[in-house]
Amino acid sequence: MTVREQQQERERLTLADWATKSYASRGRQQPMEECPYRTCFQRDRDRIIHSKAFRRLSNKTQVFISPEGDHYRARLTHTLEVAQIARTVARALRLNEDLTEAIALGHDLGHTPFGHAGERALDEVCPFGFRHNEQSLRMIDRIEDLNLTWEVRDGIVCHTGGRKADTPEGRIIHFADRIAYINHDIDDAIRGGLIRAADIPRRLLDSLGDTHGRRIDTMVTAMISYGQQHQEIGMDEKTHHEMLELRQFMFDYVYQGTEAQSEEQRAKNMLRSLYEYFVEHPDELPSDYFVLMTQGDPLERVVCDYIACMTDRYSISTYKKLFIPKSWNKIED
């Protein structure tokens with residue numbers, strides 16, 4: 001037996017009946033020779049980590065645009081926190097941890113610069129609309145052609161929105177994503193002076209926990225207890241309702257209309273300008289994107305691809321290059 005076959009046998013013996021087994025995967029869009037050492041889901045995880053899209057997450061906004069300080073979350077640190085939470089749940093429920101991790105690491109590969117402000121900007125201008133979960137799937141299928149398994153692709157595109165993932169591992173990510181961003185955004189908002197811990201409704205602190213770690217522990221424990229009882233992914237109604245209340249608190253006091261979001265309109269205007277420019281000048285698109293049009297993809301879709309792939313820093317640099325006048329002479333002191 002190869003190392004991979006030994007691992008597959010361990011999955012058969014140790015994973016729960018309702019877990020997704022790598023040897024039963026629905027496969028890839030394009031056939032690939034099996035790796036002798038890694039299961040298909042382990043291989044997907046590695047392909048995601050080595051992708052260009054994953055590296056770019058380190059310079060993409062999570063929530064707060066251009067914060068001053070080194071400890072605010074970026075899209076990459078959010079992704080890692082989602083993966084940690086999701087793996088804890090998967091391990092406790094004896095689900096497939098490798099599949100769970102691969103989906104978690106890939107779920108935001110299609111996110112825009114400047115977080116949801118960037119997503120809204122592209123959704124407003126692109127005739128096809130723009131959703132970051134759908135763009136994540138397009139990123140792995142069309143732009144980087146990672147050729148991932150059906151289960152990982154399904155979990156990525158279904159991590160948000162109304163459609164549930166087909167696997168329990170994919171459904172974990174829907175909850176782990178919310179648990180991560182609600183709690184780390186509270187942490188960042190307190191650090192930035194936007195709210196105080198005392199501003200959070202007392203009954204939510206008493207019930208969910210009065211620290212970052214306790215709140216995450218409460219929500220993760222609720223998921224594990226629910227999974228053990230029902231062999232399904234979810235939470236008890238009380239904890240789920242309180243989590244959504246906490247999320248609404250963040251919308252009311254942090255996500256909308258605060259000083260931290262004061263740059264959002266400027267970011268949206270900048271991305272709209274970039275979109276309009278490249279629609280009018282498709283010959284200036286990098287060759288990797290231009291070739292997508294020669295293969296039949298609409299211009300507007302490809303321009304969205306290019307802008308969504310930009311980091312915050314690169315989009316600002318490109319905007320300056322295209323729209324900010326440069327000095328033609330050097331001023332002497």
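This is a short walk through a predicted model, going from its largest pocket to a histidine in a loop and then to its aromatic rings.

Let's begin with the open space. The largest pocket holds about 660 Å³, and 32 residues line it. If you would like to centre your view there, look for His116, Glu119, Arg120, Tyr181 and Phe251, which lie nearest the middle of the pocket. Several helices share in building this lining: α4 (75-92), α6 (115-125), α7 (132-143), α9 (168-191) and α12 (237-255) each give two or more residues. Of the elements, α6 gives the most, with six residues. As for chemical class, the lining is made up of 13 polar, eleven charged and eight nonpolar residues.

Next, please turn to His159. You will find this residue in the loop that joins α8 (150-157) to α9. Is His159 buried or exposed? With a relative accessibility of 1%, His159 falls under the 20% cut-off, so it counts as buried. Its side chain reaches back along the sequence to the backbone oxygen of Ile156, at 2.8 Å. Leaving aside residues up to four places away in sequence, His159 touches two other groups worth picking out on screen: the histidines His107, His132 and His174, and the aspartates Asp108 and Asp177. Asn133 and Ile173 are also among the residues that His159 touches.

Now for the aromatic rings. A pair of such rings is described by how far apart the centres are and by the angle between the planes. Searching the whole structure turns up eight aromatic pairs. In one of them, Tyr277 and Phe278, the ring centres are 5.3 Å apart and the planes stand at 90°, so this pair is edge-to-face. Both Tyr277 and Phe278 are buried.

Tyr319 and Phe323 make another pair, this one tilted, with 4.9 Å from centre to centre and 40° between the planes. Where do Tyr319 and Phe323 lie? Both are in helix α16 (residues 312-323), four residues apart, which is about one turn of the helix. Tyr319 is partly exposed, with 25% relative accessible area, and Phe323 is partly exposed too, at 33%.

These two pairs can be viewed together. Tyr277, Phe278, Tyr319 and Phe323 belong to one aromatic cluster, which also includes Tyr289, Tyr306 and Tyr314. Within this cluster you can therefore see both buried residues, such as Tyr277, and partly exposed ones, such as Phe323.

Methods: Residues are numbered from 1 along each chain as its sequence is written. This is a predicted model: local features need pLDDT of at least 70, side-chain atom pairs count only at pLDDT 80 or more; totals for chains, interfaces and linings use all residues. Side-chain values use heavy atoms; hydrogens and water are left out. On a 1 Å grid over the protein atoms alone, a cavity is a set of points where a 1.4 Å probe fits but cannot get out, and a pocket is an open set with protein on both sides within 12 Å along at least five of seven lines; lining residues have an atom within 4 Å of a point. Grid points are joined across faces, edges and corners, and a volume is the space filled by probe spheres set on the points. Ala, Val, Leu, Ile, Met, Phe, Trp, Tyr, Cys and Pro count as nonpolar, Asp, Glu, Lys and Arg as charged, and the others, Gly among them, as polar. Buried means under 20% relative accessible area, exposed over 50%, partly exposed in between (1.4 Å probe, protein chains only). A polar contact is a pair of N or O atoms within 3.5 Å; within protein, one must be able to donate a hydrogen and the other to accept it, and residues adjacent in sequence count only if both atoms are side-chain atoms. Contact means heavy atoms within 4.5 Å. Rings of Phe, Tyr and Trp (its six-membered ring) pair if their centres lie within 6.5 Å; planes under 30 degrees apart count as stacked, over 60 as edge-to-face and the rest as tilted.
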